[in-house]
Structures are given as structure tokens and as C-alpha cells.
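Student: Could you take me through one part of this model closely? I am new to it, so please explain the terms as you go.

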Amino acid sequence: MMQLKIVSPEKILFVGEVRSVVVPGSIGMFEILENHAPIISSLEKGVVTYKSAGAEATSLEIQGGFVEVQKNEVRLCVEL
């Protein structure tokens, strides 16, 4: 499991444990799973999808932002 935190300039959108996160990267969609290599990437307009522990998929449409992955912690700073 990974810890996911999604924030926008206005508020915190989500904090919790997830199994996977799919984000719209600069060169296409990519999935982040447990033990992913450390990465910082810009995000393009698109949809962020994350699956919680109960395997429920939640989608969030964004206008852009950044993602940082380190030690099973995923942090997204997004613009809605």
C-alpha cells in the first residue's frame, strides 16, 4: 500500500492509502504502484485515477500539476 495526498491551491482533496495511482504525465498516462522508483513529473490536463484499499476506483479531472513519488508516498499538487 502507498500513502496518497492530493492537494489543490484551495484545499486538500484526498489523503489515504491506495493500491495504485494513474496520472496524465507530460508524455502520456503512467501508473504508480507500490515500491515505485522515486520520481518528480509535471502533469498535463487529464484524469487522475486512484484505487483505495477496497479496490474502489476514484477519478478526478485536473487541468495540470505535479506528482512526486518517494518511499511509497505519492504527493500530487493539482489545478482543478
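Over residues 2-79, what percentages of the chain are helix and strand, and how far apart are the end C-alpha atoms?

Tutor: Happy to help! Over residues 2-79 the chain is 0% helix and 74% strand, and the C-alpha atoms at the two ends of that stretch are 22 Å apart. Helices (H or I, at least four residues) and strands (E, at least two) are DSSP runs, numbered from the N terminus. This is a predicted model, in which local features need pLDDT of at least 70 and side-chain atom pairs count only at pLDDT 80 or more, while totals for chains, interfaces and linings use all residues. Residues are numbered from 1 along each chain as its sequence is written, and side-chain values use heavy atoms, with hydrogens and water left out.

The stretch you ask about comes from a record: UniProt, in an unreviewed entry, lists residues 2-79 as "domain: ATP synthase F1 complex delta/epsilon subunit N-terminal". UniProt positions are given in the numbering used here, feature names are shortened, and annotations may be inferred rather than shown by experiment.

Now for the chain as a whole. There are 8 strands and 0 helices, giving the pattern β-β-β-β-β-β-β-β along the sequence. Along the principal axes, the C-alpha atoms fill a box of roughly 25 × 25 × 20 Å. The radius of gyration is 11 Å, which agrees with the value near 12 Å for a compact globule of 80 residues. That radius is taken over C-alpha atoms, and the globule rule is 2.2 Å times the number of residues to the power 0.38. Of the 80 residues, 35% count as buried; buried means under 20% relative accessible area, exposed over 50%, and partly exposed in between (1.4 Å probe, protein chains only). Contact means heavy atoms within 4.5 Å, and among contacts between residues at least 6 apart in sequence, 42% join residues at least 24 apart.

Let us walk along the strands, starting at the N-terminal side. Ser-8 lies in the loop between strand S1 (2-7) and S2. Ser-8 is buried because its relative accessible area is 8%. Beyond residues up to four places away in sequence, Ser-8 touches Leu-13, Val-78 and Leu-80. In strand S2 (residues 12-25) you will find Glu-17, which counts as partly exposed because its relative accessibility is 47%. Leaving aside neighbours within four places, Glu-17 is in contact with Met-1, Met-2, Gln-3, Ser-52 and Ala-53. Glu-17 and Ile-27 are 10 residues apart in sequence, yet their C-alpha atoms are 26 Å apart in space.

Next come S3 and S4. Phe-30 lies in strand S3 (residues 28-33), and Ser-41 in strand S4 (residues 39-43). These two residues touch each other. Apart from residues up to four places away, the contacts of Phe-30 also include Val-21, Val-22, Val-23, Gly-25, Ile-39 and Val-67. Val-67 appears again for Ser-41, whose contacts, on the same exclusion of neighbours within four places, are Phe-30, Gly-65, Phe-66 and Val-67. Ser-41 is buried because its relative accessible area is 15%. Phe-30 and Val-48, 18 residues apart in sequence, have C-alpha atoms 9.9 Å apart.

Between S3 and S4, the loop holds Asn-35. Asn-35 is exposed because its relative accessible area is 62%, and its phi is near 65 degrees, a positive value in a residue other than glycine. Asn-72, in the loop between strand S7 (64-70) and strand S8 (73-79), likewise has a positive phi, near 60 degrees. Asn-72, though, is partly exposed because its relative accessible area is 21%.

One more loop is worth a look. Gln-63 sits between strand S6 (57-62) and S7, and it counts as partly exposed because its relative accessibility is 39%. Setting aside neighbours within four places, Gln-63 is in contact with Glu-44, Lys-45, Glu-79 and Leu-80. The C-alpha atoms of Gln-63 and Leu-80 are separated by 5.4 Å, although the two residues are 17 apart along the chain.
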